[in-house]
Amino acid sequence: MRKTAIVTGASRGIGRTIALRLAADGFGVVVNYAGNAAKAEEVVNEITSSGGRALAVQADVANPEDVKQLFERTLQAFGQIDVVVNNAGIMPLSPIAKGDVETFDKVIATNLRGTFLVFSQAAQHVAEGGRIIAFSSSVLAKNFPSYGPYIASKAGVEGLVHVLANELRGHKITVNAIAPGPVGTELFLDGKTEEQIKQISSMAPLERLGQPDDIAGVVSFLAGPDGGWVNAQVLRANGGFA
Ligand code: NDP
């Protein structure tokens, strides 16, 4: 049976490139999205027109019923789940002094509760030998002002990775996170000036902004045969933005 991967948040940005890369690696791919159905269908069409198998499934990762259905529909369509990449995430910025609890709750819901819910379904359904991959961020080490809610959510994600890896003892399933540095997607670029983008891009010793392909290559490694001995790790893929 051909292997299957679920990629959350695969309509745009890094997730889109991960879906295309895993399809090129031979996986049937479920392209999850929150609201952008047309963009998700574009990704599906790109995969199927190159001979791959793909299906778009709407699900809000913060909603338990949606996440349950995402896994059920994947099993119905493909019969098996080998890889789960929980890439969906948001990054609205807000200084702690503002006390913007709505932003805090939204970021925690999507990034942390979303990871918890996707992990829960993945732990129940991923086949032996499978891979579970979450998304943290290298900005965790920077403690930039206004990143409080986002950094709190990603610190929580890293905690969940280590616990789930232990809970899956005996199942031959790895659980890891990737923590990208800045990557040129809407999440990073929106609301920043040219000057800010240039300044942040030059922080890594490799002196450029990461691209979705840089991260999709790391997912491909963790999901593929050579990544099998990497477990319970946070892989900081950031050009040295440490
Ligand atoms: P984008 O904003 O470009 O894309 C976000 C994707 O997530 C979209 O496909 C969106 O779907 C989906 N999404 C958002 N909310 C939900 C939800 N509640 N349920 C399901 N899907 C959702 O983000 P990036 O590609 O830049 O980010 C991907 C991941 O990488 C995130 O976890 C982010 O935190 C992490 N990251 C990104 C960095 C960067 O610099 N870009 C750096 C470090 C980490 P839709 O199109 O339907 O809205």
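**The annotated span and the ligand shell**

In this predicted model, the end C-alpha atoms of residues 3–181 lie 29 Å apart, and the span is 47% helix and 21% strand.

Me: Which UniProt annotation covers residues 3–181?
Reply: The span that is 47% helix and 21% strand also carries a label in the UniProt record, which comes from an unreviewed entry. The name given there for residues 3–181 is "domain: Ketoreductase".

Me: Which helix gives the most residues to the shell around the ligand?
Reply: Several elements each supply at least two residues of this shell, namely helix H1 (13–24), strand E2 (28–33), helix H5 (148–167) and helix H6 (186–189). With three residues, the one that gives the most is H6.

Me: Which residue has a polar side-chain atom 2.4 Å from an oxygen atom of the ligand?
Reply: Two contacts to ligand oxygen atoms come from the backbone, where an N or O atom of Gly35 lies at 2.7 Å and an N or O atom of Val183 lies at 2.8 Å. The contact at 2.4 Å comes instead from a polar side-chain atom, and that atom belongs to Thr185.

Me: How much of the accessible area that the ligand has on its own does the protein cover?
Reply: The ligand takes up the space of the largest pocket, and the shell around the ligand has 15 nonpolar, 13 polar and four charged residues. Of the 920 Å² of accessible area that the ligand has on its own, the protein covers 93%.

Methods. Residues numbered from 1 in each chain as written. Predicted model: local features only at pLDDT ≥ 70, side-chain atom pairs only at ≥ 80, totals over all residues. Heavy atoms only, no water. Polar contact = N/O pair within 3.5 Å; in protein donor to acceptor, adjacent residues only side chain to side chain. Areas by Shrake-Rupley, 256 points an atom, 1.4 Å probe, with all protein chains shown as cover. 1 Å grid on protein atoms, 1.4 Å probe; cavity = no way out; pocket = protein on both sides within 12 Å on 5 of 7 lines; lining within 4 Å. Sits in = over half its atoms within 2 Å of the grid points. Helix = DSSP H or I, 4+ residues; strand = E, 2+ residues; numbered from the N terminus. Nonpolar A, V, L, I, M, F, W, Y, C, P; charged D, E, K, R; others polar. UniProt positions renumbered as here; feature names shortened; annotations may be inferred.
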